Amino acid sequence: MNLEDELELEHLLFVDRRCRKCLVTKNLIADFYKTRKDRGNVPSAYAYECKRCSIKRVTESRKRKEIVDIYPDW
């Protein structure tokens with residue numbers, strides 16, 4: 001383990017960010033997704049939308065808007 005990596009992570013533990021959708025201030029590491037794995041441990045590597053809002057957005061966008069008949073009624 002590298003001592004520098006531990007110090008960087010320790011500094012991120014106390015960083016809070018305000019969600020863009022719900023406007024609630026939450027913990028950066030526990031409540032926000034990383035945008036990419038290779039971005040490192042910097043605050044800019046985390047998304048601006050919290051996990052709950054991200055999950056809600058994805059589930060709403062994947063729901064069917066109307067019932068589509070699979071077989072035609074001949």
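**Burial, charge and contacts**

Q: What makes the element that holds R17 a strand?
A: R17 is found in strand β1, which spans residues 16-18. Strands are DSSP runs of E with at least two residues, numbered from the N terminus, so the run 16-18 qualifies. The model is predicted, so local features need pLDDT of at least 70 and side-chain atom pairs count only at pLDDT 80 or more, while totals for chains, interfaces and linings use all residues. Residues are numbered from 1 along each chain as its sequence is written, and side-chain values use heavy atoms, with hydrogens and water left out.

Q: How confident is the predictor in the protein chain, and which element has the lowest mean pLDDT?
A: On the pLDDT scale, the predictor's confidence in each residue from 0 to 100, the chain averages 80, and 74% of the residues score at least 70. Helix α1 (residues 3-12) has the lowest mean, 54, and strand β2 (residues 25-27) the highest, 93.

Q: Why is R17 said to have no salt bridge?
A: A salt bridge needs a side-chain nitrogen of Lys or Arg within 4 Å of a carboxyl oxygen of Asp or Glu. The nearest side chain of opposite charge, D16, is 9.6 Å away from R17, so the criterion is not met. R17 is nevertheless buried.

Q: What makes the pairing of R17 with A47 a close polar approach within the cut-off?
A: A polar atom of the R17 side chain lies 3.1 Å from the backbone oxygen of A47. A polar contact is a pair of N or O atoms within 3.5 Å; within protein, one must be able to donate a hydrogen and the other to accept it, and residues adjacent in sequence count only if both atoms are side-chain atoms. A47 itself is in strand β4 (residues 46-50).

Q: Why is E49 called buried and R57 partly exposed?
A: Buried means under 20% relative accessible area, exposed over 50%, and partly exposed in between (1.4 Å probe, protein chains only). E49 has 13% and therefore counts as buried; R57 has 44% and therefore counts as partly exposed.

Q: How do you know that R57 and E49 form a salt bridge?
A: Their side chains meet at 3.1 Å, N to O, and this value lies within the 4 Å limit, so the pair qualifies. The structure holds one salt bridge. The E49 side chain also makes a polar contact with the side chain of S54, at 3.3 Å.

How values were computed: Helix = DSSP H or I, 4+ residues; strand = E, 2+ residues; numbered from the N terminus. Lys, Arg positive; Asp, Glu negative; His and termini not counted.
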